[in-house]
Amino acid sequence: MPEEKQNPDFIPRLISPREFFAEGNRGCQGCGEALAIRQFLKAAGPDTIVCSATGCVEIISSPYPETAWRIPWIHVAFENAAAVASGVEAGIKILKKHGRYHDRKINVIALAGDGGTADIGIQAFSGALERRHNFTYICTDNEAYMNTGIQRSSATPYGASTTTSPAGKESIGQTTPKKDMPMIAAAHDIPYVATCCPSYPMDLLAKAARAFNTEGPAYLHVLSPCPTGWRHESHLTIEIGRLAVETGVFPLYEIIDGKLKMSVVMKKRKPVSEYIKHQGRFRHLRPDEIEEIQKNVDEKYERLLHRAELDQSLEN
Amino acid sequence: MGTRTGMEVSAAISEAVKLARAEIIAAYPITPQTHIVEELARMVADGELYAEFIMVESEHSAMSACVGAAAVGARSFTATAAQGLALMHEMLYIASGLRLPIVMVVVNRAMSAPISIWGDHSDIMAERDSGWIQLFAETGQEAFDLTIQAFKIAEDQRVSLPVVVNIDGFTLSHVIEPLVVESQEDVDKFLPPFKPVIQLDPDKPITIGAVGFPELYTEIKKQQNVALVESYKVIIEVWKQFREQFGREYHPIETYRSEDAEILIHIAGSTAGTARVAVDMLREKGEKVGLIRTRLWRPYPFGDIRKTVAKAKAIAAVDRCLSFGGPGGPMCSELKAALYNLDQRPFIAGFIAGLGGRDIMIEDFFTIVEETKRLLEEGQEDEYRMIGVRE
Ligand SMILES: Cc1ncc(C[n+]2csc(CCOP(=O)(O)OP(=O)(O)O)c2C)c(N)n1
Ligand code: SF4
Ligand SMILES: [Mg+2]
């Protein structure tokens with residue numbers, strides 16, 4: 001494109017060059033969670049407090065006395081990132097009223113993995129959304145408990161082999177479908193819900209910015225490929241995230257004030273097998289089993305498109 | 001100037017929290033704590049207390065929210081009991097480990113099962129080693145005073161640790177007592193605004209709650225213990241200031257007619273009131289009986305205890321908590337541990353009483369003293385006995 005030639009610094013001008021999540025953190029090579037954090041912090045900027053749940057992120061970023069965080073950060077426990085963020089948000093609110101804190105906008109972020117969100121943390125998560133705290137909850141979803149050694153979570157997809165849902169003679173691996181956290185978040189009638197993936201950085205940055213600027217609770221569900229847990233080559237992280245979207249396994253959408261809008265509609269979706277074939281966690285699947293997964297993905301995707309159409313028609 | 005008035009003790013505690021200008025209250029209802037948080041909710045709703053009340057969905061989240069709020073520098077308060085305290089268990093260690101000066105009132109209640117809403121000390125005893133400063137109140141006035149003092153002790157930069165004030169469920173929380181409610185002006189003079197040691201602040205980004213590897217964990221825990229042990233000095237200092245300003249005196253161990261006593265009854269909490277009457281009645285009969293009451297439970301006042309009991313022949317240590325399969329009640333064990341290495345030490349008889357709201361009557365103390373005398377003469381038969389059990 002001619003425009004690109006004229007502006008070789010086009011992308012750097014759009015994205016802040018400042019890094020708030022330090023290089024040299026202890027994440028595995030190709031860690032999708034680390035990449036997601038790096039990206040959304042660029043949208044957040046320095047006036048941000050992150051409340052992390054226990055999990056890979058906390059481990060790779062805070063081996064005392066080192067830290068990867070260039071913004072104020074607190075880790076408390078596994079199941080309570082949303083409750084800690086509630087206290088941070090309410091604390092800042094009252095301190096501002098008393099003239100005892102900076103009188104500028106501070107982004108409060110609760111950050112947790114799929115386990116810390118969909119399983120053990122779902123109560124605190126639901127409570128904080130329901131109470132309408134002004135914060136953003138970000139779930140970095142790598143579809144299992146990676147920190148403790150790749151155990152299944154309720155966000156592990158059907159058919160994936162993990163250490164506690166191992167594929168074997170009598171089992172396909174995970175026998176249940178993935179819990180739909182973005183829709184559970186949306187059921188709280190919060191003003192903003194979005195799905196994103198670091199393979200689409202501009203989309204993720206825009207959604208993060210929108211979440212931070214939302215009055216009230218916002219939820220970002222970030223699919224974060226994990227080479228270690230998904231057993232794919234570490235240079236394929238971006239590619240696999242793209243394939244998740246291109247196959248319709250992980251659709252990108254926003255729900256703004258209750259109305260669903262697709263961020264991108266994949267008219268011709270790639271077959272799910274394209275996504276699955278790179279990942280060791282699915283290696284055991286037979287063609288007929290992949291076919292079953294394909295059917296479920298198609299059905300869900302069509303339903304989502306229907307809802308988006310309906311919601312958008314109500315808009316007009 | 002304070003105002004002398006009659007008031008439900010729960011309301012007095014809420015009043016103390018208001019006078020302390022708490023900024024965050026995060027709580028979840030549980031009997032018999034409810035009156036405290038209901039009253040605080042009313043105060044916030046009526047604009048009497050300018051705080052954020054976070055109506056959390058569980059006690060685990062209550063303590064988590066207090067942790068978050070204290071970490072940004074807001075004065076934070078919660079109250080709970082029994083099952084709620086147990087649900088907080090994980091967070092209690094984190095609050096103290098992160099050195100966050102949160103104040104909590106525990107309205108002591110028995111642990112389920114069988115479920116019981118009534119008072120004993122088994123809830124807090126399970127949290128004995130959680131790293132909190134722990135105090136026990138006997139009266140409404142004391143509950144009011146300790147709550148205000150708790151903020152000052154917790155927030156002292158030499159301490160920076162959470163504090164729990166224990167009050168007995170129902171027998172203290174739900175009774176109306178005469179007490180002095182101090183004025184806002186006087187409380188403000190006593191308790192300055194909270195200046196946190198560490199704070200989540202974008203201008204000075206810090207990391208709180210990092211991973212502690214084996215090379216450092218032990219040192220960090222030692223530091224925490226030193227802070228807790230040395231908080232003793234600050235507690236004494238705060239009590240001295242409190243006496244100078246408000247005229248009421250506080251000590252780690254309260255004594256009653258203990259000077260020349262041969263037998264000392266030891267207890268914590270509101271039951272001391274009954275014990276005092278029993279002591280008077282026994283004294284009238286010529287028995288040399290006295291009372292000691294532990295107010296400061298953590299850090300444990302070893303020196304005070306040793307001094308107080310030095311001249312006694314025997315201690316009747318009464319616990320409202322049963323350590324299953326263990327040597328007796330936790331307070332009795334602590335007494336024994338504190339005195340064991342002394343050359344001369346009183347005989348200690350352990351008693352468990354007042355479980356799950358069972359009243360400890362004056363007659364029960366007569367039995368306890370009789371038993372102690374007998375055991376002193378005949379020697380110890382077993383580790384402890386339970387009082388008032390219907391066989
Ligand atoms: C109460 C409690 N239970 C269990 C654990 C052990 N644990 C720590 S992190 C973790 C899994 C984290 O999984 P997830 O939230 O998906 O984050 P990830 O590591 O995958 O990024 C588990 C089981 C814990 N720390 N606390
Ligand atoms: S195990 Fe996965 S999520 Fe955890 S650090 Fe490694 S790549 Fe990242
Ligand atoms: Mg995970």
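## Buried charges and a ligand shell in a predicted model

Both B:Glu57 and A:Arg131 are buried, and in this predicted model the two residues form a salt bridge whose closest N and O atoms are 2.8 Å apart. B:Glu57 lies in the loop between β3 (52–55) and α3 (59–72) of chain B, while A:Arg131 lies in the loop between α7 (122–130) and β4 (136–141) of chain A, so the pair joins two chains.

Over all chains the count comes to 55 salt bridges, and the table lists three of them, including the pair just described.

| Acidic residue | Basic residue | Closest N and O atoms |
|---|---|---|
| B:Glu57 | A:Arg131 | 2.8 Å |
| B:Glu155 | B:Arg75 | 2.7 Å |
| B:Glu371 | B:Arg385 | 2.7 Å |

B:Glu371 lies in helix α12 (residues 362–378) and B:Arg385 in strand β16 (residues 384–386) of chain B, so their salt bridge ties together parts that are 14 residues apart in sequence. Both B:Glu371 and B:Arg385 are buried, and B:Glu155 and B:Arg75 are both buried as well.

What is the nearest side chain of opposite charge to B:Lys152? It is B:Asp156, 6.9 Å away, and B:Lys152, although buried, has no salt bridge. A polar atom of the B:Lys152 side chain does, however, lie 2.7 Å from the backbone oxygen of B:Phe190, and B:Lys152 is also in contact with residues including B:Leu191, B:Pro192 and B:Val238.

In chain A, the residues surrounding ligand 2 include A:Cys28, A:Cys31, A:Cys56 and A:Cys226. By class, this shell has seven nonpolar, three polar and one charged residues, and α4 (56–61) and α10 (227–230) of chain A each supply at least two residues of it.

Notes:
Residues numbered from 1 in each chain as written. Chains lettered and ligands numbered in written order. Predicted model: local features only at pLDDT ≥ 70, side-chain atom pairs only at ≥ 80, totals over all residues. Heavy atoms only, no water. Near = heavy atom within 4 Å. Helix = DSSP H or I, 4+ residues; strand = E, 2+ residues; numbered from the N terminus. Nonpolar A, V, L, I, M, F, W, Y, C, P; charged D, E, K, R; others polar. Buried < 20%, exposed > 50% of the residue type's maximum accessible area, 1.4 Å probe, protein only. Lys, Arg positive; Asp, Glu negative; His and termini not counted. Salt bridge = Lys/Arg side-chain N within 4 Å of Asp/Glu carboxyl O. Polar contact = N/O pair within 3.5 Å; in protein donor to acceptor, adjacent residues only side chain to side chain. Contact = heavy atoms within 4.5 Å. Lists of a residue's contacts leave out its neighbours within four places in sequence.
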